[in-house]
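Open your viewer and get ready to pick out residues by number. We will go from stop to stop, with a selection to make at each one.

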Amino acid sequence: MFHFSYDNYIKHAYPEDELKPISCSGQNTWGNFSLTLIDALDTFAVMNDIKGFEDALTKVEKINFDMDINISVFETTIRVLGGLLSSHLIAKELVEKKKIQYHDELLVLAEDLGQRLLPAYDTPTGMPFGSINLKRGVQPDETTETCTATIGTCSIEFAWLSILTNNPIYEFTCRRAIHSLWSHRTRKGLIGAHIDVFTGIWTEAAFSISGGVDSFYEYLLKSWIGFSDEKEYGEMFLEMYELIHKYLKKDNGWHIYANSFTGGSMKNLFQSLGAYWPGVKILAGELFESNEELNLLANYLKNRSFLPEHIYIDDMNGFQYEYFNYPLRPELVESLSVMYKATKDPKLLEVAFKQVDRIRKWCKTKCGYANIRNVYNLKKEDKMESFFLSETLKYLYLLFDPDNKFNRENYIFSTEAHPFPVVSSVQSHAKLYYKKNNKAIRRELRKINKTFDANKYFYNKYAKKKMERPYPCEIHKWACQSFPRYYPSLKQSNMEIVEYTLTYLSPDFKNIPKPRDRFTDFRKGICSYKHWVSASMMGLETDKAFFSSLNKRKMKGDSKIKNKKRKNK
């Protein structure tokens, strides 16, 4: 099934992102960088197809990320960055065994991509934008709303990138984002599905284990396991685990949606993405409840084709579904695979066999395997997701190969099923910086920021000709951008822009910039009192003289407002 799908992708779709298995053509979806090729690369190694791995490796090495395209930070991190890093580790091991020739080409690509992703984290809160342009950075019309999964699903990939490049900025950036997310929990200790990364206000209050949030919990646990010196993420996971059990799990075993502010039930809906949760609970040591939840899913599927995207728990046999498609999802077989490792229960293999039969019977086309548009009439959709090769088939293969190296040895699988070895020694680079006192961290960052030339990356509005901008991500060592780009959306009203300017722009910045000049060089880096407070909480600071001037300006501004109020009275 894997080779049939991959061979057809190479024949009909490569170098585009994904295969269209009905029309036997290709399409770009999440980028324009041969997504399926990168995502499926380590599956060759899991299936012990060394020749296939080497052949695919030579194709991946030709990829160039210097493209003027907007990409999803979340999908690119888990599918592309994770795939490159995992395959790099596998390739290095094969080189040691003298099975292939390899010279760190994947790591070079991963570092380049990591540097292009970093500017997305350049926000007042440290939480990233949802998308970014690989060549030109965050665009002026980019929304400030981001889902929780985007913020919290980077700890594995960014930590490994820091380890392999000996550069702590990636892990530091990710940890800072997760700290910020954690600090914005509601009074109940809950989190929503979407948050504004500028204001820290929840824009969608749904607390769940499903889409938009799911992989955040998964990464808290897997980072705790994967980096054995890691304790902080483990403490976060245990706290969220208790809250999920308290607010989301019903007496019948299904998980629902709750309001993150009140804790009350929002809707009795289960998403098929939530089928990953039993596997997470098994890794956390909870076998009994995990087994019950897997039985619920297996019983639901007894007389059905596939799990639809949404299941209304109060009407299990009804057709009140907003989404009844099946995009070849891996979450169920992932949980089956983890449970089988723990219990060796042959009934789990029966459920997996039936899933294989369903996919072969109803999803196969002449050029691959297609998504199911409707699980009731089994109409196909002309699309084959990259995660079908990266996750679904990989987990199914591991289920039926218990002696596989990746089953026997200590590996954790990312949310995209990319395997990473468990690290037994102290490897958490960012923790070294958190152990230092704040002053030491800030001194170190200030030294770097003095050498940072924002004009290299942004338009120079004072020049007669616009400077051509290279991609805004040439970040080496600790040369991180200290918030040089704040701009209002083009869709905002004049009053909102004025309020924004007073809040975030430097007091020396007299005029509201024209749209073409919104990318502005704020030489001081930290550019308002409010901004300074937010930044200093995250370990960033400018010189004391500048802070003092900001503070005086703020105090003067506050006193003027008070005087005006008194006069009005």
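Here is a short walk through a predicted model, with a few selections to try along the way.

**Stop 1: a salt bridge inside a helix.** Select R79 and E75 and show their side chains: they meet in a salt bridge, 2.8 Å from N to O. Both residues sit in helix 4 (residues 73–96), and because they are 4 residues apart there, about one helical turn separates them. R79 is buried, and E75 is buried too. Now widen the selection to E18, K383, E385 and E416, which salt bridges with shared partners join with E75 and R79 into one network.

**Stop 2: a distant partner in sequence.** Stay with E416, and find the loop between strand 17 (411–413) and strand 18 (419–421) that holds it. How far is E416 from E75 in sequence and in space? The two are 341 residues apart in sequence, yet 9.3 Å apart from C-alpha to C-alpha. E416 is buried, with a relative accessible area of 2%.

**Stop 3: a bridge between loop and helix.** Next, select K249 and E293, whose side chains form a salt bridge of 3.2 Å, N to O. K249 lies in the loop between helix 10 (232–247) and strand 9 (257–259), while E293 belongs to helix 12 (residues 287–301), so this pair ties together parts 44 residues apart in sequence. K249 and E293 are both buried.

**Stop 4: a partly exposed partner.** Pick E409 and K405 for another salt bridge, this one 3.0 Å from N to O. Is E409 buried or partly exposed? With a relative accessible area of 37%, E409 is partly exposed. The structure holds 25 salt bridges in total.

**Stop 5: a polar contact from a loop.** Select E142, in the loop between strand 4 (131–133) and strand 5 (145–147). The side chain of E142 makes a polar contact of 2.6 Å with the side chain of S131. E142 is buried, at 16% relative accessible area.

**Stop 6: an enclosed helix with a bend.** Show helix 15 (residues 386–399), whose end C-alpha atoms are 20 Å apart, in agreement with the 20 Å expected for its 14 residues. Look at L393, where helix 15 bends by about 30 degrees. Of the 14 residues in helix 15, 13 are buried, so the rest of the structure largely encloses this helix.

**Stop 7: a nonpolar surface patch.** Finally, turn on the surface and select W224, I225, L238 and L283: together they form a nonpolar patch with about 310 Å² of accessible area. I225 is in helix 9 (residues 214–226) and is partly exposed, at 30% relative accessible area.

Methods: Residues numbered from 1 in each chain as written. Predicted model: local features only at pLDDT ≥ 70, side-chain atom pairs only at ≥ 80, totals over all residues. Heavy atoms only, no water. Patch = residues over 30% accessible without salt bridge, like charges linked within 9 Å, V, L, I, M, F, W, Y side chains within 5 Å. Areas by Shrake-Rupley, 256 points an atom, 1.4 Å probe, with all protein chains shown as cover. Salt bridge = Lys/Arg side-chain N within 4 Å of Asp/Glu carboxyl O. Helix = DSSP H or I, 4+ residues; strand = E, 2+ residues; numbered from the N terminus. Buried < 20%, exposed > 50% of the residue type's maximum accessible area, 1.4 Å probe, protein only. Expected span 1.5 Å × (residues − 1). Bend = angle between axes of the 7 residues up to and from the residue. Polar contact = N/O pair within 3.5 Å; in protein donor to acceptor, adjacent residues only side chain to side chain.
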